[in-house]
Amino acid sequence: MPSNLTEQTITGAVQRTFDTSTDERFRQLFVCLVQHLHDFAREVRLTGEEWFTAMDFIERLGKISSPTRQEVVLLSDILGLSMLLDTMSQHGGSSTTDSALLGPFYVEGRPTAENGADISGGVAGTPMFVTGRVVDEQGTPIADAHVDTWHSDGEGFYDVQQTEKLHDEFAMRALLTTDEDGRFWYRSITPRYYPVPTDGPCGEIMRAANRSVMRPQHVHFWFHAEGYQPLITQLFYRDDPYIGRDAVFADQDSLQADFVRHEPGIAPDGTTVEEPFVTLDWTFVVAAQTDGQ
Ligand code: BEZ
Ligand code: FE
């Protein structure tokens, strides 16, 4: 501890304790973190009482977290840090599809499905026909790409949020594979907007800020193909009432899509649908793998 400890000198004193680390990246991260933390406290003149409140908040974040309740991830999401990192890690050129959060509702072990399958798992709702194409930055179709897709039901709930009702069966999610023309297609039901969890510490922040807790209607996609960088993204209803104020900042313009509503008639898969239905058609552009990625 330096003898001439002041509000300014303490920062350097703490930073120098990392000089002995042999891990250069670790050292860089902590020296910079200490700098910003101390600058933050000095700038806002943080009081001891406020910091105790914050530490209690962090403790409660940890206590409520579990493998199925990711409150720490949610904090990163609602503070925009998750989407900042997503944006920073976008390796492809400007022509690649933008990425967006994985979110907490992706699950391992989801069923595989053939193109054209109904992946709704029997959940009632407005029929939705999704047709997609996976191409590289030159527009060349990517065959045999794996396409994970998942979404909520018409009430805004994912299958994993209603395991009792659905008897632990997967619904509204599947792993598909693109054909030789890079195409995939499936039938399901339309999702709906839903709130992020608000019964934990993150809910307190959103309420205190009087901000929207809703996520506009969206469908998730995760593409993996040999020789290409994985792409995790979401497509949003362009005309959703919550578009432009997604609680987790993923609903960027480039990912807003037309989910087109049709009167009863012939669906894209050639079947006759006797109720109104919705179609979504999108081309996803993925980046080729480069050395070291
Ligand atoms: C989702 O996309 O499913 C999601 C993302 C972040 C927080 C809550 C939900
Ligand atoms: Fe979602």
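**Exercise 1. Place Asn210 and Arg45 and give their phi values.**

Solution. Start with Asn210. Asn210 lies in the loop between α6 and β6 (214-215). Helices (H or I, at least four residues) and strands (E, at least two) are DSSP runs, numbered from the N terminus. The phi of Asn210 is near 55°, a positive value in a residue other than glycine. Next, take Arg45. Arg45 is found in the loop between α2 and α3. Its phi is positive too, at about 50°, although Arg45 is not a glycine.

This is a predicted model: local features need pLDDT of at least 70, side-chain atom pairs count only at pLDDT 80 or more, and totals for chains, interfaces and linings use all residues. Residues are numbered from 1 along each chain as its sequence is written, chains are lettered from A and ligands numbered from 1 in the order in which they are written, and side-chain values use heavy atoms, with hydrogens and water left out.

**Exercise 2. Describe the surroundings of ligand 1.**

Solution. Step one: find the neighbours. There are 13 residues around ligand 1, and Asp77, Pro104, Tyr194, Arg215 and His220 come nearest. A residue is near a molecule or strand if one of its heavy atoms lies within 4 Å of it.

Step two: list polar contacts (pairs of N or O atoms within 3.5 Å; within protein, one must be able to donate a hydrogen and the other to accept it, and residues adjacent in sequence count only if both atoms are side-chain atoms).
- Arg215 has a polar side-chain atom 2.4 Å from an oxygen atom of ligand 1.
- For Tyr194, a polar side-chain atom lies 2.5 Å from an oxygen atom of ligand 1.
- For His220, a polar side-chain atom lies 3.1 Å from an oxygen atom of ligand 1.

Step three: check the cover. On its own, ligand 1 has 260 Å² of accessible area, and the protein covers 99% of it. Accessible areas come from the Shrake-Rupley method with a 1.4 Å probe; for residues, only the protein chains shown count as cover.

Step four: sort the shell. α4 (71-78) and β7 (218-224) are the elements that give it two or more residues. By class, the shell divides into seven nonpolar, four polar and two charged residues. Ala, Val, Leu, Ile, Met, Phe, Trp, Tyr, Cys and Pro count as nonpolar, Asp, Glu, Lys and Arg as charged, and the others, Gly among them, as polar.

**Exercise 3. Where does ligand 1 sit, and what lines that space?**

Solution. Ligand 1 sits in the largest pocket; that is, more than half of its atoms lie within 2 Å of the grid points. On a 1 Å grid over the protein atoms alone, a pocket is an open set with protein on both sides within 12 Å along at least five of seven lines, while a cavity is a set of points where a 1.4 Å probe fits but cannot get out; lining residues have an atom within 4 Å of a point.

The volume of the largest pocket is about 1,000 Å³. Grid points are joined across faces, edges and corners, and a volume is the space filled by probe spheres set on the points. Of its 47 lining residues, Leu101, Leu102, Gly103, Pro104 and Ile232 are the closest to its centre. The largest share of the lining, four residues, comes from α4. The classes are 23 nonpolar, 18 polar and six charged.

**Exercise 4. Describe the second largest pocket and the largest cavity.**

Solution. The second largest pocket holds about 720 Å³ of space. It has 21 lining residues, with Leu37, Phe40, Trp51, Ala54 and Ile58 the closest to its centre. α3 gives the most, with nine residues.

Now the cavity. One cavity of 30 Å³ or more is counted. About 40 Å³ of space lies in the largest cavity. Its lining includes Phe129, Trp185 and Arg187.
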